[in-house]
Each structure stands twice: as C-alpha cells, then as structure tokens.
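Q: Could you take me through the aromatic rings in this one? I'd like a close look at how they pair up and how covered they are.

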Amino acid sequence: QVQLVESGGGLVQAGGSLRLSCAASGFVFSFNAMGWYRQAPGKERELVAFIRRDSGTYYTDSVKGRFTISRDNAVNNAFLQMNSLKPEDTAMYYCAAWRGIIAAAGGDYWGQGTQVTVSS
C-alpha cells in the first residue's frame, strides 16, 4: 500500500521560510511526478507545483520565484522550499504523486496534509 507522509508545516511570519517534505513508502515503482496542492478554508484546492521524473517542473503563478520543488528519485521523496511567505500562502498543503499521466485534478496518491500558517 502506497503511503505519502508530509512534514515541515508550521507557523511562520510573513517573509519567512518553510521546507515541506513528502516521504513515500510501500511500493517499488518510481512515480512519474510528485507535487504539492494546497487548500485554504473556503477555497478550492489548488495545484501549487509538481516535478517530473526528468526534473521538469511546474509552478502556479502566485508562487513563481518564491517556491522551489525538488525530489529524490531514488527514494521517491519530494520537497517544497517556500521562501518569502505571504499570509495568502496559508493553507493545508498536500503531497500528491502520479504514476503516469499528470492530471491537474489530482494525483493517484495523496498524503494527509500539513498545515502552513503565515502571520502578517
């Protein structure tokens, strides 16, 4: 059974940084892509970033230049370095993984989420 476990969330002041980690276990294949979604209260879930096995990346416009996604293909771990955080980045962040085609609607596998709160 595939499991994704996030860590690294917390409370930070505006302008600060956090690094989220996603550890995958319970399988032997390599994901085509891993990424991060977020959902703030009362808002729709948003795809924040993803990274393909070939290191190609995608970022939603609001985080470009501030967030950096990376992964360790050998162990299927993914990371999201978040700098210059803003109050509007406050949300529950979810790790996602795709075995094949990357569907913006969601991954094939999901983590339980880690809360990021940015105070003004």
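A: A quick definition before the rings: buried means under 20% relative accessible area, exposed means over 50%, and partly exposed is in between. Keep in mind that this is a predicted model.

There are 5 aromatic pairs in the structure. One of them is Phe50 with Tyr58, a stacked pair with 5.3 Å centre to centre and 20° between the planes. How covered are these two? Phe50 has a relative accessible area of 13%, so that residue is buried. Tyr58 comes out at 33% relative accessibility, so Tyr58 counts as partly exposed.

Phe50 has another ring partner: with Trp98 it makes an edge-to-face pair, 6.0 Å centre to centre and with 65° between the planes. Phe50 sits in strand E5 (residues 46-52) and Trp98 in strand E9 (residues 91-98), so this contact ties together parts that are 48 residues apart in sequence. Both Phe50 and Trp98 are buried.

Now put the pairs together. Ring pairs join Phe50, Tyr58 and Trp98 with Tyr37 and Trp110 into a cluster. Tyr37 has a charged neighbour as well: Arg45 lies over the face of the Tyr37 ring, 5.4 Å from the ring centre.

So, going round the cluster from Phe50, you have a stacked contact to Tyr58 and an edge-to-face contact to Trp98, while Tyr37, another member of the cluster, has Arg45 over its face.

Notes:
Residues numbered from 1 in each chain as written. Predicted model: local features only at pLDDT ≥ 70, side-chain atom pairs only at ≥ 80, totals over all residues. Heavy atoms only, no water. Phe/Tyr/Trp six-rings, centres within 6.5 Å; stacked < 30°, edge-to-face > 60°. Buried < 20%, exposed > 50% of the residue type's maximum accessible area, 1.4 Å probe, protein only. Helix = DSSP H or I, 4+ residues; strand = E, 2+ residues; numbered from the N terminus. Lys NZ or Arg CZ within 6 Å of the ring centre and 35° of its normal.
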